[in-house]
Amino acid sequence: MFETIRSDLYRIEVPLPNNPLRSLNSYVVTGGERALVVDTGMNQPECRAALETGLGAIGVDLTRTDFLITHFHADHLGLVATLAASDARVYFNEPEAVWTRKFKTADFISGMLERARVCGFPDNRLEEGLKQHPGIKYGPLRYPEFAVLHDGDIIEVGAYRFTCIQTPGHSPGHLCLYEPDKKILLSGDHVLGDITPNISGMLDDQDMLGAYLQSLDKVYELDVALVLPGHRRVFSDLKGRIHELREHHQIREAEVMTLLKTGVNTAYEMATRMSWDFVAESWDHFPLMQQWFAVGEAAAHLRHLVAKGAACRTMRDGICIYTVA
Ligand SMILES: [Zn+2]
């Protein structure tokens with residue numbers, strides 16, 4: 001139902017049905033006038049039931065609770081509009097708050113289609129991909145009025161004093177929370193212990209992998225004894241995990257470079273040829289959403305190679321074509 005991590009600090013494991021992530025960690029901080037809930041789960045009945053049950057067991061009063069969302073993905077943001085009282089503060093990072101304010105669903109969906117098409121995703125599978133996309137299926141009912149956070153802002157709840165650390169990469173404005181006295185890092189999806197955070201080059205025309213690696217450097221020097229990630233288990237060795245994540249991306253980069261030299265030239269084609277942890281007989285047996293996220297990951301690597309000057313990118317028939325520089 002919930003786990004006590006430290007005094008006035010709890011973890012509720014929110015199930016994510018039929019999702020390889022399995023569950024989301026929602027963290028609850030109490031001891032102040034108002035409680036703080038960090039991340040919420042998808043807008044799905046199973047998530048809502050687990051979160052409400054956990055909050056009830058901890059003794060959280062939703063009429064006196066604020067929320068902080070580490071980033072815009074539906075498994076973190078999805079339930080906030082459902083749970084937040086009308087006077088609740090909903091803290092959110094500035095880049096994504098600005099972006100969602102401008103957000104018009106139709107534009108967003110056509111933009112998603114277009115970005116997947118540019119990556120070489122087959123035309124005949126785009127519509128189905130969107131239909132299955134968790135961001136479309138389980139996103140929030142509406143966007144609440146956000147209390148916008150910047151890098152370095154402080155949030156105090158009871159005995160906890162968190163510093164906001166902006167860590168773009170997994171998403172454009174992803175935010176971690178650091179409690180220096182207690183040496184705790186709420187790492188969102190920036191640093192996960194058991195799985196590698198997805199870095200997508202599909203979302204934005206930027207070097208998101210480059211941003212991500214810089215954001216790993218940014219948290220590396222923090223004095224941290226306990227990492228509270230957005231998914232899976234809580235862990236302690238932040239520096240060791242960052243080393244593993246850097247190494248993972250170096251190995252991937254070498255693989256992408258090797259394939260690029262053999263003439264593989266779109267993100268989609270690259271994804272079909274790269275090696276993945278996901279257990280399936282072949283690319284064609286991957287669930288469509290896993291293919292979608294894999295193509296995003298391949299695109300992130302290709303863009304990063306372009307940013308480093310190791311690859312070139314041109315457009316052909318509306319699709320990005322990559323070649324060795
Ligand atoms: Zn995420």
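## A walk from a helix crossing to a sheet

Start by selecting Met-208, Leu-209 and Gly-210 in α8, which meet Ala-300, His-301, Arg-303, His-304 and Ala-307 in α11. Sorted by class, this α8–α11 contact has four nonpolar, three polar and one charged residues. Bear in mind as you click around that this is a predicted model.

Now show both helices whole: α8 covers residues 208-220, and α11 covers residues 288-307. They pack at an angle of about 85°, with their axes 7 Å apart. An angle of 65 to 115 degrees counts as roughly perpendicular, so that is how α8 and α11 lie to each other.

Stay with α11 and run along its 20 residues. From first C-alpha to last, α11 reaches 29 Å, close to the 28 Å expected at 1.5 Å a residue. Is α11 mostly covered or mostly exposed? Mostly covered: 15 of its 20 residues are buried. Just past the helix, pick Gly-309, which follows α11 and has a positive phi, near 85°.

Next stop, the sheet. Select β8 through β12: these five strands form an open sheet in the order β8-β9-β10-β11-β12, with mixed pairing. Look at the edges, where β8 (154-157) and β12 (226-229) each have a single partner strand, so one side of each has no neighbour in the sheet. Neighbouring strands here are turned by 25° against each other on average, ignoring direction.

Finally, zoom in on β10 (residues 175-179) and β11 (residues 184-188), an antiparallel pair joined over three bridges. Highlight Tyr-178 and you'll find Leu-185 of β11 standing opposite.

Conventions: Residues numbered from 1 in each chain as written. Predicted model: local features only at pLDDT ≥ 70, side-chain atom pairs only at ≥ 80, totals over all residues. Pairing = 2+ DSSP bridges. Helix = DSSP H or I, 4+ residues; strand = E, 2+ residues; numbered from the N terminus. Axes fitted to C-alpha atoms, helices over the stretch in contact; angles between N-to-C directions. Expected span 1.5 Å × (residues − 1). Buried ≥ 20, exposed ≤ 12 C-beta atoms within 10 Å, placed from the backbone. Parallel < 35°, antiparallel > 145°, perpendicular 65-115°, else oblique. Contact = placed C-beta atoms within 7 Å. Nonpolar A, V, L, I, M, F, W, Y, C, P; charged D, E, K, R; others polar.
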